[in-house]
Amino acid sequence: TVLSTKLMWDQRTILQGTIRDITESKKVEKALLDSEKKYRDVVQFAIEAICVIQDSRFKFFNPEAVKLFGYSEDELRELPSEKTIYPDDRELVTSSRIKRLAGDYILGIYSHRILTKDGSVLWVEIRAVSIDWDQQPAALVFLTDITERKKVESALTESNERYVALFDRLQDSVYINDFEGNFID
């Protein structure tokens, strides 16, 4: 950076200047911009929904959250976060959030159901931690859609229950053993 000033001395114009090397500050500025871009890319391209919830409002969310809930960005900003929680799960989620914000240790990973804009019910796994957002307590929430996994688990449980019921009601003697001849059931 060159700072210069025109001065008059003995009826002559002279130029006085100062040169300051700003190479280091430019390097720091570039590093900061690069770092901000990396963090922005991590959030924007994450495959799970990332939200900051404060005072029951979505204060921040990534594109995956918009996609998961089905609301536009403007709609999501205006929507109370409780409206996205399945009614039977609201008490669990709300009480967990309140305890977390109060500093109580609670399990930060659990699953619950959400409601999308079109009324669909999805299962999500939630991972949440308390943070400060604009000098106020908030929840940083990561949501992963586990609806398909829940369907598979439910089908497996149902299949197992039918197997057990069938096995227990058989009139014949039935046993299961392994290849060494040990009885398993």
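1. In this predicted model, the largest nonpolar core comprises 23 residues, of which C51, L68, F69, L76 and L143 touch the most other members. Two or more residues are given to this core by each of strand 3 (49–54), strand 4 (57–61), helix 2 (63–69), strand 5 (109–115), strand 6 (121–133) and strand 7 (136–145).

2. Apart from this core lies another, made up of five residues, among which are I50, V52, A138 and L140.

3. L143 deserves a separate look, since its surroundings can be listed residue by residue. Once its neighbours within four places in sequence are set aside, L143 is in contact with E48, A49, C51, L68, F69, H112, V124, E125 and I126; of these, C51, L68 and F69 are also named with L143 among the core residues that touch the most other members.

4. Two aromatic pairs are found in the structure. In the one formed by F60 and W133, the ring centres are 5.9 Å apart and the planes stand at 45°, so the pair is classed as tilted. Because F60 belongs to strand 4 and W133 to strand 6, this pair ties together parts that are 73 residues apart in sequence.

5. As to whether the two partners are hidden from solvent, F60 has a relative accessible area of 27% and is therefore partly exposed, and W133, with a relative accessible area of 27%, is likewise partly exposed. Buried would require a value under 20%.

6. A further contact with an aromatic ring involves a charge: the charged end of K150 sits over the ring of W123, at 4.4 Å from the centre of that ring.

Notes:
Residues numbered from 1 in each chain as written. Predicted model: local features only at pLDDT ≥ 70, side-chain atom pairs only at ≥ 80, totals over all residues. Heavy atoms only, no water. Core = buried A, V, L, I, M, F, W, Y, C linked by side-chain atoms within 4.5 Å. Buried < 20%, exposed > 50% of the residue type's maximum accessible area, 1.4 Å probe, protein only. Helix = DSSP H or I, 4+ residues; strand = E, 2+ residues; numbered from the N terminus. Contact = heavy atoms within 4.5 Å. Phe/Tyr/Trp six-rings, centres within 6.5 Å; stacked < 30°, edge-to-face > 60°. Lys NZ or Arg CZ within 6 Å of the ring centre and 35° of its normal.
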